[in-house]
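Subject: structure handover

Hello,

Here is the structure for your files. My notes follow below it.

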Amino acid sequence: MSATATYDFQGKTILITGGAGEIGKATAHRFAANGATIVLLDINEMRLAEVAQGLKDYGNPVYTVRCDVTDAQEVADMIAIAVEQVGQLDYVFNNAGYQGAFAKTDEYPEQDFQKVIDINVVGVFHILKAAAQHLRKAGGAIVNMASHAGVDGPPNMLAYAASKFAVVGMTQTAAKDLAPYGIRVNALSPSLVGPGFMWTRQTELQAGVGSQYFDADPKVVEQQMINLVPLRRLGRLEEVANGVAFLMSDEASYITGFNLDITGGQ
């Protein structure tokens, strides 16, 4: 990706959950390129180490934390340890998530529905609460990862849509609750982003549902989805990261409780 110097994050620290994933990695590079200290949190230690290794050339401190966001005590303990090591916390990208199964509502697996809610809603709450307890000392900014699925529910993604609608609602309430501490809370709602694992998974699983909305061939599904986007292309990972950077930056200092769509006009 081509880094820009639009925002100055020198001397700032950002905690990125889901730091081993595609969007987490892109965001880490975006902030590291602009001077930030990076704290990556994820349940996948091996991939965390790989992402951290790729950030070393920027010359900024990088910390990795293995953590299960569905465990409230583990989240509280790990964030406290990370803040103690780094010395401060300025920004939180609450990004860890799970896309879930693709199935019609009357066939959606109950166990998977619960897993999606546990990670995407309860996990986001755990991070939001624990991080806010540190940020309220000096203020800061939080960006919760929502999705266009939480604005306009897509077919065959019942749990994911429900979870992301919940994230938008939590963002709006948390923005009001945390404003007295100088903490801004916003959400980010990308639509179709790729190429990459998540994009490939989505097209393949939508093709396998056998619904009236998409073809049975994943390649045809790709084009069907892109045809829903007025700009007629996928969003890029760095474009999502740029949205996070804007919402964290001083240029967004009077923005809170907002859900930023990154959808190509969809």
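In which hand, left-handed or right-handed, does α1 pass α8? The crossing of α1 with α8 is right-handed (the near helix is turned clockwise from the far one by less than a right angle; anticlockwise would be left-handed).

This is a predicted model, in which local features need pLDDT of at least 70 and side-chain atom pairs pLDDT 80 or more, while totals for chains, interfaces and linings use all residues. Residues are numbered from 1 along each chain as its sequence is written, and side-chain values use heavy atoms, without hydrogens and water.

Helix packing

Helix α1 covers residues 22-32 and helix α8 residues 237-248 (helices are DSSP runs of H or I, at least four residues; strands are runs of E, at least two). Their axes come within 8 Å and cross at roughly 55° (lines fitted to C-alpha atoms over the stretch in contact, with angles from 0 to 180 degrees between N-to-C directions). α1 is therefore oblique to α8 (not under 35 degrees, over 145, or 65 to 115).

On the α1 side, the contact (heavy atoms within 4.5 Å) includes Ile 23, Ala 26 and Phe 31. On the α8 side, Val 240, Val 244 and Met 248 are among the residues involved.

Thr 173

Thr 173 sits in helix α5, residues 158-178. Thr 173 is partly exposed because its relative accessible area is 44% (buried is under 20%, exposed over 50%, partly exposed in between; 1.4 Å probe, protein chains only). Thr 173 and Val 229 are 56 residues apart in sequence and 30 Å apart in space, C-alpha to C-alpha.

Regards
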